[in-house]
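Q: Please take a close look at one part of this model, the place where its two chains meet. A connected account that sets this part within the rest of the model would be welcome.

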Amino acid sequence: MANQQYKLVSCIINGKPVEKMIDVRASLTDMLRDDYRLTSVKKGCEVGECGACNVIINGECFNSCIYLAVWAEGKEILTLEGLAGPNGEISDIQQAFIDEAAVQCGFCSPGFIMSAVEILEAKREFSDDEIRKLMSGHLCRCTGYENIFRAVKKTMLRRLGKNKEADAV
Amino acid sequence: MYDIKALYEAENVPHAIQLLQEHPEAQIIAGGSDVLVQMREGKRAGKELVSIYMIDDLRGVSYEEDGAIRIGSLTSFSHITRDPIIQKHINVLGEAVDMVGGPQIRNIGTIGGNTCNGVTSADSASTLHAWDAIVELTGPNGIRRIPIKDFYIKAGKVDLQPAELQTAIIIPKAAYEGYQGHYIKYAMRNAMDIATTGCSVNVKLSADKKIFEDVRIAYGVAGPVPMRAPSAEAKAKGKAVSSATVKEFAQAVLDDIHPRDSWRAAKDFRQHIAVVLAERALKESIRLAGGEIDG
C-alpha cells in the first residue's frame, strides 16, 4: 500500500506498560498476536460472534477482533497470559477447566476463561442463570457447555470460601 | 487487518465535524460492532473511517436542567443497563439493551450506533420510540433535536446530514415521569440473536390504577423501520384497565404494523406474535405500574 498509516499506541498489557507503532488497520487481535505474540487470543470468526478473541480491557470483556488496535491507547489490557503466577503457574480457573474436562481442542478456552475472570473479579455469587448469561458470548464446539459452566461455578464458590458447596456442584 | 483506506480519529465533537467535512466520503465508526463486521464482509471495504470512539464526552447518562434524561450517544449497552438514572426512571431501556448480542457486544455496542445504523431490529429502538425519545444531532450548523420517529427515514437510512453526528438521546421528563414499561424480544436463541420481533409497551395509570391515562407501544421488525402503533394506543387510552381493553388493544396493532416475510420468519407468524407480545407486554407494564386486571 502506497500510503500506509501507522500510529504509536501506548497501553498496559498484562501489567506491563508497552508501546509500539501499529498499523491503523489492525484489530486488537492482530496487535496482541502479531506485535506482542500473545497467541492465547484466538482468531475464530473475526466478526464478534464466537468469543475466542475475548480479552479484558479496563475490567470489561471485549471481542478484540472487532476492536481497533488504536483504541487500546491508554487502556489496561489483560489476556490469558496475564493470569500466570510468578513462576508460570496456572490460575485456579484454568485448573478448574482441566479438572472439569471443560477443555477439549482448547480453541475457545482462553476466551471463555477471560469471561470467567470478569465474573470472578466481581467477587460475588451469581445465580446459575446469571452465569449462563455472562458466559453466553462464546461458542464451544467440543465439550458442550455444561463442563465449562461447572468449572466457572466451582471456582466462583471456592473463591468465596464455599468449598463444600463447590464440591457439590 | 481491516480493509480501511484511512482512519481519522476525532478527539472531540468539533474535531469530528471538521474531519467529516474534510472527508465527506468517510463513514463514522463508534463501537464498530456493525461497521467493522460489514467491512469484514466486504460491504464497507476500502472505506475511510472517522472514529469517534475515543470521545469520552459522549459517554454517560445524566439529567438535563429540565429533568430530561440525557444518554450520551457512545454510552455502551452494559453501562446503560447498570446506570442508576436509567434503573430509576426507564428500567425497561436497560432491560432491552441487555438483550443485544452477548456480554462482549454489550460492552462495545453503543446506543448511538444502534440507532444510527437505521435497522428495524435494534433492541433499543422500539423502547426509544415508545418513550418519545429525542435525538440530538450536532453538525456544522450547530445542534438540532428531532423526535426519534422523524430520525428514521427508511430501512438503513436515518436523518444524518453531511458532517453531522448523533451526540445524545434524550428522554423528556414528561415522557418518563409516571410511566412503567416492559420490552419483549422474540428471537430463536437467548443470546447472540437478532429479534424476530421486538415489542416495547409502557403505561401511565390513573392514581386509583383503574384507568389508562396513557399507553404507548412500539415495535421493531414490524416494518422497515421501528414504529409506534397509534391505533392500538387509541384503543386503550382513557379506558378502564381490564382484560377486555388489553385484548382490544393487542388486536388493534394489526391495523398499524406491516411486517414482511423474511428468512427469519413469515409475515403471518410475525403478525401473530405481535399481538401476543402486545398483550403480554401491556399486562406486565400494568403490573409494574401497580395495577391489576380482572381475570
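A: The account below begins with confidence, then takes up the contact, the domains of chain A and finally chain B.

This is a predicted model, in which local features need pLDDT of at least 70 and side-chain atom pairs count only at pLDDT 80 or more, while totals for chains, interfaces and linings use all residues. Residues are numbered from 1 along each chain as its sequence is written, and chains are lettered from A in the order in which they are written. The predictor assigns the complex an ipTM of 0.95 and a pTM of 0.95. In chain B, pLDDT (confidence per residue, from 0 to 100) averages 96, and 100% of the residues score at least 70.

Chain A brings 26 residues to the contact and chain B brings 23 residues, counting residues whose C-beta atoms, placed from the backbone, lie within 7 Å. On the side of chain A that touches chain B, the greatest contribution is from strand E4 (residues 60-63) of chain A, with 4 residues; strands (at least two residues) and helices (at least four) are DSSP runs. This side of chain A is made up of 11 nonpolar, 9 polar and 6 charged residues. Here Asp, Glu, Lys and Arg are charged, Ala, Val, Leu, Ile, Met, Phe, Trp, Tyr, Cys and Pro are nonpolar, and the others are polar.

Strand E4 of chain A also enters a second contact, between domains. The domain assignment divides chain A into domain 1 (6-81) and domain 2 (92-163), whose centres, taken over C-alpha atoms, are separated by 22 Å. Domain 1 of chain A gives 14 residues to their contact and domain 2 of chain A gives 12 residues. On the domain 1 side, strand E3 (54-57) and E4 of chain A each supply at least two residues, and E3(A) gives the most, with 3 residues. The residues on that side of domain 1 of chain A comprise 8 nonpolar, 4 polar and 2 charged.

In the partner chain, an open sheet of 3 strands follows the order E1-E3-E2 (chain B), with parallel pairing; pairing requires at least two DSSP bridges. Strand E1 (4-9) and strand E2 (27-29) of chain B each have a single partner strand, so one side of each lacks a neighbour in the sheet. E1(B) and strand E3 (residues 47-51) of chain B run parallel, joined by 5 bridges. Glu9(B) has Ser51(B) in E3(B) as its bridge partner. Elsewhere in chain B, Gly178(B) occupies the loop between helix H10 (173-176) and strand E11 (180-186). The C-alpha atom of Gly178(B) lies 7.9 Å from that of Leu205(B), 27 residues apart along the chain.

How values were computed:
Contact = placed C-beta atoms within 7 Å. pLDDT = per-residue confidence, 0-100. Domains from an automatic or database assignment.
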